[in-house]
Amino acid sequence: MHHTESIQHAMFLDNRNKALFEQAQEYGFKYLEEAASRNVYPTEEAIAQLAFFEEPLPESPTAAVEVLDTLQRYGGPATVCQASGRYFGFVTGGMVPAGLAAKTLAAYWDQNSAMYVLSPVAATLEHVVEQWLKELFHFPTDAVAGFVSGSSAANLCGLAAARYRQLQKLNWDVNEKGLFGAPRLRIVAGNQAHSTILKAVALLGLGKDQIEWVDTDAQGRIIPEQVPLLDASTILILQAGNVNSGSYDDFHTLCAQAKAANAWVHIDGAFGLWAAVVPQLNHLTLGIEGGDSWALDGHKTLNTPYDSGIVMCADKEALTHALHMSGSYIVKSDHRDGMYYTPEMSRTSRGIELWATLKYLGKTGLQEMILGMHQRACQFADEISRIEGFTVLNDVVFNQVLVQCATDALTTQTMQRVQEQRACWVGGSVWNNRKVIRVSICSWVTTAADITTSVQSFAQALHA
Ligand SMILES: *Cc1c(COP(=O)(O)O)cnc(C)c1O
């Protein structure tokens, strides 16, 4: 406890306490240094220690150094080490060091990205990143980008723009009139659509029961022949990167069909869209530029720190009208005012770490990093299939590998043992009604040696 006159006085002192901030950086830096040798998943003991935090809100202030030390002492050991290179759970992502460093600096700046006048630097870097992304993905030159918290939000925004535009085509202003009594919209989606698509459909009042589900093939891709006749009241939802298999819909065929019918195409490309920037992989995303809106992540494949997602929309008016807001104190500028493209008003300066990450990597660095993830995934598939008792179920087109043992029980048991060994971390999923272990390679950190170590852990787990 500080024995100072007031908390304000204490904070003035803390603000000038360089050692406090250096300590935070040092803890963080040490964490990264040790990432390769840490348990990928925290031990039971470390998790039990989290009980320390369960206390009533303290009556009086705590010294800043003590706050930080408590966090380091009880929080640090209970982290899931995604910086390790052997974390393959869900679909996550590492951090490009330059992006992390830039985000750290920007944290001191504490910029609000709502309007240009609130932060010229945040607005300018959003603008630059928007231009770069359009160029990278060959999106229409008048497309716009909204910088949101992740692809859940990006899907929501893209579908909100779709809802606005498709109803407007039917002479219905959804902002003014709402959905009660509105003309009916049709939602067409593959039966492998990501759960966040369903959430967005529900949130937007479109109704999950209204979705016209389209059958998918063995890899999880929409079967084009199964797509119903599209029309101007339709929103067609496609996927670049199936969350299990990593597969891609046939954008070339389906976007052309949608365009001819005046339907809207939203592409959920959370992690998978990034294949478009790699010459060896961009056959997967052929035709994506024919979409109307796209969701993609910063914090998965691009390896920016959390939380970073991007909605891109070819129809600026639809996106800004769907997300519009106004107020007497709003200062509209001739520059980029980020809030017109996002649901939020006040917002962190995601454009800064996105800019830093892209600037650092450049096109060739980006290509090498993403191709590297694919190569590691292929290596994993190759090494694991040579071990008796494991089968790889999917075509490893991008970064996802689905592994299965002889029975569901054996698959689950093996996965649990791999998790207990803590050499790597993988999660489970269900594929074609069978249990699978899902391996997702999403970090620049992962090396060929990490893959081999992890495959060995699988072998040990199966034969234990
Ligand atoms: C991860 C993911 C999402 C959700 O993205 P968040 O950034 O976690 O909100 C949506 N769609 C797909 C295909 C995903 O992989």
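**Exercise 1. In which helix is the place of Thr320? Work out its surroundings too.**

Before we start, this is a predicted model, where local features need pLDDT of at least 70, side-chain atom pairs count only at pLDDT 80 or more, and totals for chains, interfaces and linings use all residues. Residues are numbered from 1 along each chain as its sequence is written, and side-chain values use heavy atoms, with hydrogens and water left out.

*Step 1.* Thr320 sits in helix H11, residues 316-322. Helices (H or I, at least four residues) and strands (E, at least two) are DSSP runs, numbered from the N terminus.

*Step 2.* With a relative accessible area of 13%, Thr320 is buried. Here buried means under 20% relative accessible area, exposed over 50%, and partly exposed in between, using a 1.4 Å probe and protein chains only.

*Step 3.* A polar atom of the Thr320 side chain is 2.9 Å from the backbone oxygen of Lys316. That fits the rule for a polar contact: a pair of N or O atoms within 3.5 Å; within protein, one must be able to donate a hydrogen and the other to accept it, and residues adjacent in sequence count only if both atoms are side-chain atoms.

*Step 4.* Setting aside neighbours within four places in sequence, Thr320 is in contact with Tyr340 and Tyr341. Contact is heavy atoms within 4.5 Å.

**Exercise 2. Find His299 and list what its side chain reaches.**

*Step 1.* Look in the loop between strand E6 (293-297) and strand E7 (309-313): His299 is there.

*Step 2.* His299 is buried, at a relative accessible area of 9%.

*Step 3.* Its side chain makes a polar contact of 2.7 Å with the side chain of Asp297. The His299 side chain also reaches the backbone nitrogen of Ser308, at 3.0 Å.

*Step 4.* Not counting residues up to four places away in sequence, His299 touches several others, among them Thr92, Ser149 and Tyr306.

**Exercise 3. Check the span of helix H13 and say which of its residues are buried.**

*Step 1.* H13 covers residues 408-421, which makes 14 residues, and at 1.5 Å a residue these should span 20 Å. The expected span is 1.5 Å times one less than the number of residues. The end C-alpha atoms of H13 are 20 Å apart, so the two agree.

*Step 2.* Thr411, Thr414, Met415 and Val418 are buried in H13. Seen down the axis, the buried residues fall within an arc of 100°, so they line one face of the helix. The arc is taken from the directions from the helix axis to the C-beta atoms.

*Step 3.* Over on the other side of H13, Ala409 and Glu420 are exposed.

*Step 4.* What do the buried residues of H13 pack against? Their partners are strand E9 (400-404), strand E10 (427-431), strand E11 (434-440) and helix H14 (448-463).

*Step 5.* Just past H13, Arg422 has a positive phi of about 65°.

**Exercise 4. Describe helix H7 and the position of Leu156 in it.**

*Step 1.* H7 has 19 residues and reaches 26 Å from its first C-alpha to its last, close to the expected 27 Å.

*Step 2.* Of those 19 residues, 15 are buried, so H7 is largely enclosed by the rest of the structure.

*Step 3.* Leu156 belongs to H7 and is partly exposed, with a relative accessible area of 25%. Leu156 touches Ala200, Leu203 and Leu204, leaving out residues up to four places away in sequence. The C-alpha atoms of Leu156 and Leu203 are 8.1 Å apart, though 47 residues separate them along the chain.

**Exercise 5. Describe the largest pocket and the largest cavity.**

*Step 1.* Get the terms straight: on a 1 Å grid over the protein atoms alone, a cavity is a set of points where a 1.4 Å probe fits but cannot get out, while a pocket is an open set with protein on both sides within 12 Å along at least five of seven lines; lining residues have an atom within 4 Å of a point. Grid points are joined across faces, edges and corners, and a volume is the space filled by probe spheres set on the points.

*Step 2.* The largest pocket holds about 1,100 Å³ of space. It is lined by 33 residues, and Gly28, Tyr31, Leu32, Met95 and Leu100 lie nearest its centre. Helix H2 gives the largest share of this lining, 8 residues.

*Step 3.* The largest cavity holds about 70 Å³. Of its 14 lining residues, Gly190, Ala193, Ile237, Gln239 and Asp249 are the closest to its centre. Strand E4 gives the largest share of that lining, 3 residues.
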